[in-house]
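Grab a pencil and get ready to look at a protein model piece by piece. Try each task yourself before you read its solution.

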Amino acid sequence: MKIKTMTIGLATASLSFSSLANATTVEYWTVQTQSDRIQTIEIMADVFEALNPGIDVKIIAVDENDMPQQIAAAAASNTLPNMIEVGSDLSLAFAEEGIVDTTATSEIIKQLGKDRFYKGALKLVENPALNEYVAVPYSGWVQGIWYRADWFKEAGLAPPTTWEAIDKAAKYFYKPKQNQYGILIGTKADAYAEQCYTQFALSNDAGQFNKDGELIFNSKAQKEVLDFYKSLSQYNPPGPQSWRARDYYLQGKLAMFFYSSYILDDIALAEAAASSLSSENFKDLEGATFDPDLAKNTRLATTITKSSPSSFGTLVGLSVMKNDDKAEVEATKAFIEYMNEKDQVVAYSHMAVGGHLPMLRDIAETDDFLNDPKGIFAQYGKESIKEIVAGFDSIKNFSVVDGKTFPKSGEIFAKQIIPRMIYRATIEDEDTQASLDWAEKQMQAVLAE
């Protein structure tokens with residue numbers, strides 16, 4: 001049996017792969033390193049090879065954290081793969097280095113049909129100066145406010161999609177004497193807090209950088225965000241809170257909480273919810289039995305609007321890398337187009353239900369996609385799942401401004417400056433302007449490094 005997969009960095013990296021005589025090879029680097037996911041991708045490649053006997057697909061698994069270094073080494077030795085599967089930030093960074101074939105990548109999007117993609121997903125991989133794309137959007141997850149739709153309906157409250165609606169609902173459902181809380185936003189100095197805060201910031205057009213790369217974080221719009229965030233935190237469960245506090249929701253003690261679409265199975269399946277149904281993580285939670293109706297009573301508000309609509313999440317795309325061999329470029333384009341056929345998109349999406357949402361709207365609305373093997377999507381209903389995936393129409397992040405990526409945003413993230421600012425303002429009750437001033441100084445120090 002032909003060996004098709006290796007992990008960069010292991011001894012097997014130097015092994016040669018058998019291939020058909022005179023075949024054109026497509027070397028595909030994927031960040032999917034789990035054996036079951038690799039197996040699924042290999043089956044896709046096997047079918048493609050059977051349909052295209054002159055092309056040999058070589059799949060190489062690379063840990064996501066190792067991808068920048070491995071691509072840099074490959075570029076230096078002129079051994080770049082034909083295509084890569086990475087997050088949108090990395091795609092933009094590689095394109096700026098001149099190692100992505102943006103013409104070929106853009107041609108694939110045109111061939112597939114630009115209008116089929118979610119608009120926000122395309123914006124995250126667009127180079128507007130050249131009117132080209134650095135990657136073909138393929139999959140991703142979205143974050144938003146998960147909420148008890150049945151409680152909202154009974155109370156006659158609007159869905160939590162605007163600052164006003166969120167604030168009103170948080171106040172209404174805040175009943176601490178009954179061990180019930182209005183909302184859960186991150187107040188611990190960790191990545192979860194930054195993810196919650198970022199969506200609010202981008203909904204008020206409060207960024208980190210302008211298109212020229214100048215730091216604009218300490219702004220009037222940003223102060224409005226931190227003021228609102230601090231006010232909203234008073235409807236949280238007590239103490240610094242992080243993602244673990246989803247236990248309150250799963251035990252029926254919370255009206256709203258922030259989380260990514262990866263939580264779909266935890267809400268829908270008893271075995272996945274089990275770790276949140278005990279009293280182990282929070283003394284004030286007594287524990288609860290699994291609620292089989294929770295999924296159908298839950299909705300996700302993916303988009304928050306103040307000055308403009310904002311969704312937050314992660315986008316993974318497929319990029320064609322620079323290559324002088326025209327036959328390999330054409331074979332790579334053919335394989336990426338094949339990967340975007342319905343059967344392949346559905347199989348890839350079902351590898352991680354909720355975590356690999358498809359970027360082609362027409363496929364995301366098909367029964368084939370919505371009928372996942374474990375029946376998770378069915379418990380929420382088709383319309384609810386369509387609403388979740390549609391969050392990609394307005395997805396944004398701090399590091400991309402008008403098609404330019406600012407790596408320093410990643411360094412600011414690594415220093416946990418925004419989470420520490422949130423902790424100072426919400427838990428230590430520091431004046432919000434003082435917290436913003438502190439964060440600005442910390443960010444300036446990063447820029448000066």
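Below are five exercises, each with a worked solution.

Before you start: this is a predicted model, where local features need pLDDT of at least 70 and side-chain atom pairs count only at pLDDT 80 or more, while totals for chains, interfaces and linings use all residues. Residues are numbered from 1 along each chain as its sequence is written, and side-chain values use heavy atoms, with hydrogens and water left out.

**Exercise 1: charged pairs**

Find out what ties Lys333 to Glu107, and work out where the two residues sit.

*Solution.*
Step 1. Start with the general idea: side chains of opposite charge can pair when their charged atoms come close.
Step 2. Next, the rule: a salt bridge is a side-chain nitrogen of Lys or Arg within 4 Å of a carboxyl oxygen of Asp or Glu. Counting this way gives 19 salt bridges.
Step 3. Check the pair: the closest N and O atoms of Lys333 and Glu107 are 2.5 Å apart, and they form a salt bridge.
Step 4. Place the two residues. Lys333 belongs to helix α13 (residues 326-339) and Glu107 to helix α4 (residues 102-112), so this pair ties together parts that are 226 residues apart in sequence. Helices here are DSSP runs of H or I with at least four residues, strands are runs of E with at least two, and both are numbered from the N terminus.
Step 5. Look at accessibility. Buried means under 20% relative accessible area, exposed means over 50%, and partly exposed is in between (1.4 Å probe, protein chains only). Lys333 is buried at 11%, whereas Glu107 is partly exposed at 39%.

**Exercise 2: two more bridges**

Which salt bridge does Asp167 make with its side chain, and which one does Arg424 make?

*Solution.*
Step 1. Asp167 pairs with Lys171, with 3.4 Å from N to O.
Step 2. Both residues are in helix α7 (residues 163-173), four residues apart, so about one helical turn separates them.
Step 3. Asp167 is buried, with a relative accessible area of 16%, but Lys171 is partly exposed at 46%.
Step 4. Arg424 pairs with Glu430, at 3.0 Å from N to O. Arg424 is partly exposed at 22%, and Glu430 is partly exposed at 21%.
Step 5. Now for a network: salt bridges that share partners join Glu107, Glu330 and Lys333 into one.

**Exercise 3: how two helices cross**

Describe how α4 and α13 pack against each other.

*Solution.*
Step 1. The axes of α4 and α13 come within 10 Å and cross at roughly 40°. Axes are lines fitted to C-alpha atoms, for helices over the stretch in contact, and angles run from 0 to 180 degrees between N-to-C directions.
Step 2. Angles under 35 degrees count as roughly parallel, over 145 as roughly antiparallel, 65 to 115 as roughly perpendicular and the rest as oblique. α4 and α13 are therefore oblique to each other.
Step 3. List who meets whom: Ala104, Glu107, Ile108, Gln111 and Leu112 in α4 meet Val329, Lys333, Ile336 and Glu337 in α13. Contact means heavy atoms within 4.5 Å.

**Exercise 4: a helix and a strand inside**

Are most residues of α20 buried or exposed, and what about those of strand β8?

*Solution.*
Step 1. In α20 (residues 417-426), seven of the ten residues are buried, so this helix is largely enclosed by the rest of the structure.
Step 2. The buried ones are Ile417, Ile418, Pro419, Met421, Ile422, Ala425 and Thr426. They pack against α8 (191-203), α9, α19 (408-414) and α21 (432-448).
Step 3. Turn to β8 (residues 256-260): five of its five residues are buried, so the strand is largely enclosed too.
Step 4. Met256, Phe258 and Ser260 point one way from β8, while Phe257 and Tyr259 point the other way.

**Exercise 5: two loop residues**

Where do Ser276 and Pro160 lie, and what does each one touch?

*Solution.*
Step 1. Ser276 is in the loop between α12 (270-273) and β9 (298-301), and is buried at 0%.
Step 2. Leaving aside neighbours within four places in sequence, Ser276 is in contact with Arg244, Arg246, Asp247, Leu250 and Gln251.
Step 3. Pro160 lies in the loop between α6 (149-155) and α7, and is also buried at 0%.
Step 4. Not counting residues up to four places away in sequence, Pro160 touches several residues, among them Ile145, Tyr147, Phe152 and Met256.
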